[in-house]
Amino acid sequence: MTVLSVSRRTVARSVRALGVVSASAALAIGAAGSAAACDITEFSAEAKCVGDKGVITVTDKDPAGVPATITVFLQDKQVGEQVVKGTAEGTTITFEEDWKPNAEYRIHVDAQPYVDEDIKPNLVTPATACKTEEEPPAEEEPKPTPSESSSTPAEEAPKPTPSESESESTAPADTSSNAPSPAGESNLAETGANSNTGLIAGIAAALVVAGGGAVFFGMRRRGANSQR
């Protein structure tokens with residue numbers, strides 16, 4: 001009887017100890033599983049530049065590799081959505097977003113049944129844009145304009161109008177120059193003097209001839225009377 005009672009006590013103690021060990025192992029396994037599960041702290045976001053274009057990157061360092069849906073918002077407007085499966089070293093996905101300086105983005109992570117929340121704090125982009133705007137060329141100082149006296153050409157004499165040139169070139173013919181000059185006309189008449197001068201000279205010449213004839217006839221009559 002004594003032997004049986006001792007054996008029962010030993011078995012009971014062994015079972016009790018085994019239960020404690022099993023419970024401790026279960027707690028340890030549970031804790032390890034919780035530690036290996038997906039967590040929001042394993043996600044990070046960054047705004048970068050690729051050339052002159054802006055991008056937003058999200059990195060998932062989840063060693064369990066739980067698939068997570070990443071959604072990026074700008075002022076409650078969805079910019080993009082992608083699925084990432086993390087690794088211990090980290091898996092990075094890229095959103096092409098030409099962000100503006102000092103813009104604030106909200107990034108949500110959905111990795112059921114572990115994570116359904118935003119990355120905190122929100123992502124704020126750098127104060128400098130990826131593509132710097134080209135500065136406008138400096139305005140050149142206006143060059144001094146030359147003075148009016150040097151720039152303005154001398155006034156040219158007005159060209160004759162067609163009517164004036166025709167009137168000068170087609171002057172009426174002088175009828176007096178084509179008529180024959182009377183005998184005894186002076187040289188003044190030939191040089192273009194007044195036509196009345198030639199007429200007067202012609203009359204004077206005629207009177208001289210008439211006077212000479214009268215004298216001649218008078219002398220003949222006087223000689224005939226003396227012979228009688």
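# Rings, strands and a sulfur link

Q: Which residue lies over the face of Phe73?
A: Look 4.2 Å from the centre of the Phe73 ring. A charge sits over a ring when NZ of Lys or CZ of Arg is within 6 Å of the ring centre and within 35 degrees of the ring normal. The residue over this face is Arg106.

Q: From what number are the residues counted along each chain?
A: First, a heads-up: this is a predicted model, where local features need pLDDT of at least 70, side-chain atom pairs count only at pLDDT 80 or more, and totals for chains, interfaces and linings use all residues. Side-chain values use heavy atoms, with hydrogens and water left out, and along each chain, as its sequence is written, residues are numbered from 1.

Q: How many strands does the protein have?
A: Helices (H or I, at least four residues) and strands (E, at least two) are DSSP runs, numbered from the N terminus. Starting from that end, the elements go α-β-β-β-β-β-β-β-β-α-α-α-α-α. Alongside 6 helices, the number of strands is 8.

Q: In S6, which residue is the bridge partner of Phe73?
A: Two strands pair if DSSP finds at least two bridges between them. Strand S3 (residues 67–74) and strand S6 (residues 104–111) clear that bar, pairing in the antiparallel sense over 6 bridges. Across from Phe73, the bridge partner in S6 is Arg106.

Q: How many bridges join S3 to S4?
A: Strand S3 (residues 67–74) and strand S4 (residues 77–85) run antiparallel. You can spot Leu74 standing opposite Lys77 in S4. The number of bridges joining these strands is 8.

Q: In the hairpin of S3 and S4, near what value is the phi of Gln75?
A: Most residues other than glycine have a negative phi, and most peptide bonds are trans. This hairpin has 2 residues between the strands. Gln75 takes a positive phi there, near 50°.

Q: Is Asp76 buried or exposed?
A: Asp76 is in the loop between S3 and S4, and has a positive phi of about 65° although it is not a glycine. Buried means under 20% relative accessible area, exposed over 50%, and partly exposed in between (1.4 Å probe, protein chains only). Because its relative accessible area is 66%, Asp76 counts as exposed.

Q: What is the relative accessible area of Asn102?
A: Asn102 lies in the loop between S5 and S6. Its phi is positive too, near 60°, in a residue other than glycine. Asn102 is exposed, with a relative accessible area of 54%.

Q: Which residue does the disulfide join to Cys49?
A: The structure holds 1 disulfide, a pair of cysteine sulfur atoms within 2.5 Å. Here the S to S distance is 1.9 Å. The link ties together distant parts of the chain, 81 residues apart: Cys49 is in strand S1 (residues 43–50), and its partner is in the loop between strand S8 (123–124) and helix H2 (148–151). That partner is Cys130.

Q: What is the angle about the S-S bond of Cys49 and Cys130?
A: Cys49 is partly exposed, at 41% relative accessibility, whereas Cys130 is buried at 17%. The link of Cys49 and Cys130 is left-handed, and the angle about its S-S bond is -85°.

Q: Which strand gives the most residues to the largest nonpolar core?
A: A nonpolar core is a set of buried Ala, Val, Leu, Ile, Met, Phe, Trp, Tyr and Cys residues joined through side-chain atoms within 4.5 Å. The largest one has 23 residues, and Phe43, Ile56, Ile70, Ile107 and Val109 touch the most other members. S1, strand S2 (53–60), S3, strand S5 (91–96) and S6 each supply at least two residues. With 4 residues, the top giver is S6.

Q: Which cysteine is in contact with Phe43?
A: Contact means heavy atoms within 4.5 Å. Leaving aside neighbours within four places in sequence, the contacts of Phe43 include Ile70, Val84, Val109 and Ile119. The cysteine you're after is buried, at 6% relative accessibility. It's Cys38.

Q: Near what value is omega for the peptide bond from Gln112 to Pro113?
A: Pro113 sits in the loop between S6 and strand S7 (115–118). The bond from Gln112 to Pro113 is cis, with omega near 5°.

Q: Which proline does a cis peptide bond join to Lys120?
A: Omega of this bond is about -5°. The proline is found in the loop between S7 and S8. Its name is Pro121.
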